[in-house]
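Biologist: Please take a close look at the residue that the record lists as the active site. Then work outwards from there, in short steps.

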Amino acid sequence: MTIPSVTLNNGVDMPLLGLGVYAPQHNSEVQQAVEWALEAGCRLIDTASAYGNEREVADALRAASLPRSEVFITTKVWDDDQGYDATLRAFDRSLEKLQLDVLDLYLIHWPSSPHRLDTWRALEKLYADGRVRAIGVSNYYQPHLDELIGQATVVPAVNQVEFSPYCYLPDVLAYCRSKTIQLQGYAPLVRGEKRNDPPLLALAEKYNKSTYQLLVRWSVQHGVVTIPKSVKRDRIRENLDVLDFTISDEDMALMNTFYDNTRVATDPREIP
Ligand SMILES: NC(=O)c1ccc[n+]([C@@H]2O[C@H](COP(=O)([O-])OP(=O)(O)OC[C@H]3O[C@@H](n4cnc5c(N)ncnc54)[C@H](OP(=O)(O)O)[C@@H]3O)[C@@H](O)[C@H]2O)c1
């Protein structure tokens with residue numbers, strides 16, 4: 001299976017569909033999940049220092065022994081490590097755990113820290129030094145992006161936010177597009193919370209797909225990079241198997257109306 005890529009604002013290609021590795025019950029599940037995903041053709045892995053499983057991701061990469069250029073690895077700097085020097089140190093720790101010389105994408109995990117602009121300067125330094133191929137943010141809506149872009153030398157390549165039909169904010173998508181920032185969506189499956197939602201079930205039946213596949217496909221058709229998480233082999237394959245059908249324009253528009261602000265994480269609008 002070949003998963004299409006998007007080209008970021010600095011020319012780097014990023015797969016449109018990948019695997020998230022947040023919060024499995026046991027870290028030991030992560031290595032196996034990443035191995036299964038790589039085996040199934042997935043080339044984008046989304047981790048974070050806060051997930052505590054960068055070493056397990058590294059173990060899976062080593063076991064798969066794919067050429068380094070074929071995989072795209074994202075990690076993130078956590079709130080406790082924000083600030084210029086602390087971020088540089090956190091990056092070194094992440095790289096050591098991931099056993100990489102160069103990271104593909106480094107994100108500020110949340111805009112919660114008062115030091116977030118200094119954190120961004122550290123990311124710019126890492127980028128200028130060639131230690132990371134692209135830098136970006138996560139959980140940034142327009143006020144935080146405006147603040148950042150007002151000060152930044154480098155425009156973020158990616159903004160990772162919660163993105164599903166139930167948490168669909170077209171303004172955020174349009175704003176990021178207008179600034180050449182690629183949107184990446186997390187919790188595309190709403191952690192299974194909506195699997196029995198009648199309108200979603202009806203569409204899944206119509207397309208002869210699972211509700212999970214329909215949710216992944218909806219993100220992909222919006223051109224939003226998406227990273228469904230599973231530690232089960234059949235589910236990992238199911239979530240990747242969404243490239244052989246198209247949701248009609250009419251049904252995309254219908255899914256866009258499912259918005260009810262259901263979220264698995266904090267609403268960034270609550271962060272000053
Ligand atoms: N930047 C941020 O602040 C942030 C926040 C949250 C998440 N993320 C990233 O986004 C990734 C995805 O989000 P998420 O993990 O929160 O939620 P998600 O991908 O929406 O849902 C994951 C849940 O759905 C289950 N699942 C997956 N595929 C399934 C299928 N085909 N059938 C039935 N159940 C299925 C998984 O269980 P099993 O594993 O048991 O299959 C897991 O409980 C994370 O792993 C993380 O990398 C980022």
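**Active-site entry and its surroundings**

Modeller: In an unreviewed entry, UniProt lists Y51 as "active site". Such annotations may be inferred rather than shown by experiment; positions follow the numbering used here, and feature names are shortened. The model is predicted, so local features need pLDDT of at least 70 and side-chain atom pairs 80 or more, while totals for chains, interfaces and linings use all residues. Residues are numbered from 1 along each chain as its sequence is written, and side-chain values use heavy atoms, without hydrogens or water.

Start with the place of Y51. This residue lies in the loop between β4 (44-46) and α2 (54-64). Helices (H or I, at least four residues) and strands (E, at least two) are DSSP runs, numbered from the N terminus. Is Y51 buried or exposed? Y51 counts as buried, because its relative accessibility is 16%. Buried means under 20% relative accessible area, exposed over 50%, and partly exposed in between (1.4 Å probe, protein chains only).

Which residues does Y51 touch? Leave out residues up to four places away in sequence. Then Y51 is in contact (heavy atoms within 4.5 Å) with V21, Y22, N27, D46, K76 and H109. One of these partners, D46, falls in β4 (44-46). Another, K76, falls in β5 (72-77).

Y22 leads on to the open space. About 860 Å³ of space lies in the largest pocket. Its lining has 35 residues, and those closest to the centre are Y22, A23, A187, R191 and K229. So Y22 appears twice: as a contact of Y51 and among the residues closest to the pocket centre, because both lists name it. By class, this lining has 19 nonpolar, eight polar and eight charged residues. Nonpolar covers Ala, Val, Leu, Ile, Met, Phe, Trp, Tyr, Cys and Pro; charged covers Asp, Glu, Lys and Arg; the others, Gly among them, are polar. Helix α9 gives the most to the lining, with three residues.

A second pocket has about 190 Å³ of space. Its lining has 14 residues, and S5, P15, R43, S69 and E70 are the closest to the centre. Here the classes are five nonpolar, four polar and five charged.

Some space is closed off. On a 1 Å grid over the protein atoms alone, a cavity is a set of points where a 1.4 Å probe fits but cannot get out; a pocket is an open set with protein on both sides within 12 Å along at least five of seven lines; lining residues have an atom within 4 Å of a point. Grid points join across faces, edges and corners, and a volume is the space filled by probe spheres set on them.

The structure holds two cavities of 30 Å³ or more. The largest cavity has about 50 Å³ of space. G18, L19, A37, C42, P228, K229, S230, I236, N239 and L240 line it. K229 is on this list, and K229 is also among the residues closest to the centre of the largest pocket. Helix α9 (residues 233-240) again gives the most, with three residues. This lining divides into six nonpolar, three polar and one charged.

The second largest cavity has a volume of about 30 Å³. Its lining is Y141, V161, E162, F163, C167, L169, V172 and L183. Seven of these are nonpolar, none is polar and one is charged.

Now return to β5 and follow it to helix α4 (residues 116-128). In α4, R116, T119, W120, A122, L123, E124 and L126 are buried. What covers them includes β5 (72-77), α3, β6, β7 and α5. Take T119: its relative accessible area is 0%, so T119 counts as buried. Leaving aside neighbours within four places in sequence, T119 contacts V77, Q82, G83, Y84, T87 and I108. Just after α4, G130 takes a positive phi of about 75°.

Two other residues deserve a look at their backbone. Most residues other than glycine have a negative phi. Q99 has a positive phi of about 60° although it is not a glycine. Q99 sits in the loop between α3 (84-98) and β6 (103-108). With 53% relative accessibility, Q99 counts as exposed. N139 also breaks the habit, with a positive phi of about 65°, and it is not a glycine. N139 sits in the loop between β7 (132-138) and α5 (142-151). N139 is buried, with a relative accessible area of 1%.

Last, the wider frame. An unreviewed UniProt entry gives residues 23-257 as "domain: NADP-dependent oxidoreductase". Over residues 23-257, the chain is 46% helix and 14% strand, and the end C-alpha atoms are 29 Å apart.

Conventions:
The expected span of a helix is 1.5 Å times one less than its number of residues.
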